[in-house]
Amino acid sequence: MGAFLAALGAVLLFILRVIGILLLVVLILLVLLLLCPFCADLCWEHGVLTVKAGALGITFPVFQYPKPEPPPAPENPEPPRGFGKVKAKFAAWRAERKRKKAEEKARKKAAAAAAKANKPAQPRKKAKITLEILCTMLKGAGTLTKAVFGALRITKIQVRLGVRGEDPAAAARSYGKLQAWLYPVLGVLDRFLWLQFDELRILPDFGSGQPTVEDRVSCRVSAQALFIVLAAVRVLYEFWCKKVLDIFL
């Protein structure tokens, strides 16, 4: 009996150590996610918007609009063989499982809605909005907005656009108007956002039937989540102290 208890204790100690190691790894990953800046590359070229997202400067494609058309399916597809047959069975099993889960979820939702309809609704007392609560909400929104804009970094900005028109005179007028408001707007944005330009070229494309300037707009948007999370926690704490959350809960 003593040997059995000793073995059971050793097994439990091993399981606790494994759980502790896993929790430590998860905690380290969360800290890294908060400290490491996230980044996203945006590129608009040839009428296609491509978004790549990642961290530590490494990005992967996540979105593209318009999406490329898939290749046409063969008229007489061959039946899958070997691993392809197993893959097809697994895909069919997953589709059937998703269908059953959706039906079960819809059934539970309908039952909950019926139970809620039969249960008499009791009026809930809501907290009143006072001037102090309104000022706290506006202050919290300003703090969070300032933190978000302060954490954002827009770098590697490349803008290359050709100004065109129905005729050379109209294109020249468009070019002049664009030059008139572009730089003041960028100056205002630079006071609130971190902007770093690699290229900014607005080129006239006059008197040509076919465009000679290839339009391209690309940039990298990065942000460090730690400052945003700290600001959000501070705003939530102020809302809790001033009882602002009682209005929504």
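Helices and strands are taken here as DSSP runs, at least four residues long for a helix and at least two for a strand, and they are numbered from the N terminus. Read that way, the elements of the protein run α-β-β-β-α-α-β-α-β-β-α from the N terminus on. That comes to 5 helices and 6 strands. The model is a predicted one, and its protein has 249 residues, with buried residues making up 18% of them.

A walk along the chain starts with helix H1, which covers residues 2-35 and includes Leu5. Leu5 belongs to a nonpolar surface patch of about 1,000 Å², made together with Leu8, Val11, Leu12, Phe14, Ile15, Leu16, Val18, Ile19, Leu22 and Leu23. Leu5 itself has a relative accessibility of 48%, so it counts as partly exposed, since that class sits between the buried limit of 20% and the exposed limit of 50%.

Next come a couple of backbone oddities. Most residues other than glycine have a negative phi, and most peptide bonds are trans. His46 goes the other way, with a phi near 55°. It sits in the loop between strand E1 (38-45) and strand E2 (48-55), and with a relative accessible area of 60% it is exposed. A little further on, Tyr65 and Pro66 are joined by a cis peptide bond, with omega at about -10°. Pro66 falls in the loop that runs between strand E3 (58-65) and helix H2. Lys156 also has a positive phi, again near 55°, but this residue is placed in strand E4 rather than in a loop. At 45% relative accessibility, Lys156 counts as partly exposed.

Helix H2 spans residues 83-118 and is home to Arg97. Together with Arg94, Lys98 and Lys101, Arg97 forms a positive surface patch. Arg97 is partly exposed because its relative accessibility is 42%. Charges also pair up around here: Glu96, Arg99 and Glu103 are linked in a network of salt bridges. Another salt bridge brings together the side chains of Arg107 and Glu104, at 2.3 Å from N to O. These two are 3 residues apart in helix H2, which means that about one helical turn separates Arg107 from Glu104. Glu104 has a relative accessible area of 32%, so this residue is partly exposed.

The structure holds 8 salt bridges, and some of them reach across the sequence. One is made by the side chains of Glu132 and Lys242, 3.6 Å apart from N to O. This pair links distant parts of the chain, with Glu132 in helix H3 (residues 131-151) and Lys242 in the segment after helix H5 (225-241), 110 residues apart. Lys242 counts as partly exposed because its relative accessibility is 42%. The following residue in the numbering, Lys243, is also found in the segment after H5, and its relative accessible area of 54% makes it exposed. Lys243 and Thr136 lie 9.8 Å apart in space, C-alpha to C-alpha, while 107 residues separate them in sequence.

Arg160 and Glu199 form a further salt bridge, their closest N and O atoms being 3.5 Å apart. Since Arg160 lies in strand E4 and Glu199 in strand E5, the pair ties together parts that are 39 residues apart in sequence. Both partners, Arg160 and Glu199, are buried.

Strands E4 and E5 turn up again in the nonpolar interior. The largest nonpolar core has 11 residues in all: Ile154, Ile157, Val159, Val163, Leu178, Leu182, Leu186, Leu193, Leu195, Ile202 and Cys219. At least two residues of this core come from each of strand E4 (152-163), helix H4 (168-190) and strand E5 (194-204). E4 gives the largest share, 4 residues. Strand E4 thus brings several features together: it supplies that share of the core, it holds Lys156, and it carries Arg160, the partner of Glu199 in E5.

How values were computed: Residues numbered from 1 in each chain as written. Predicted model: local features only at pLDDT ≥ 70, side-chain atom pairs only at ≥ 80, totals over all residues. Heavy atoms only, no water. Patch = residues over 30% accessible without salt bridge, like charges linked within 9 Å, V, L, I, M, F, W, Y side chains within 5 Å. Areas by Shrake-Rupley, 256 points an atom, 1.4 Å probe, with all protein chains shown as cover. Salt bridge = Lys/Arg side-chain N within 4 Å of Asp/Glu carboxyl O. Lys, Arg positive; Asp, Glu negative; His and termini not counted. Charge placed at Lys NZ, Arg CZ, Asp CG, Glu CD. Buried < 20%, exposed > 50% of the residue type's maximum accessible area, 1.4 Å probe, protein only. Core = buried A, V, L, I, M, F, W, Y, C linked by side-chain atoms within 4.5 Å.
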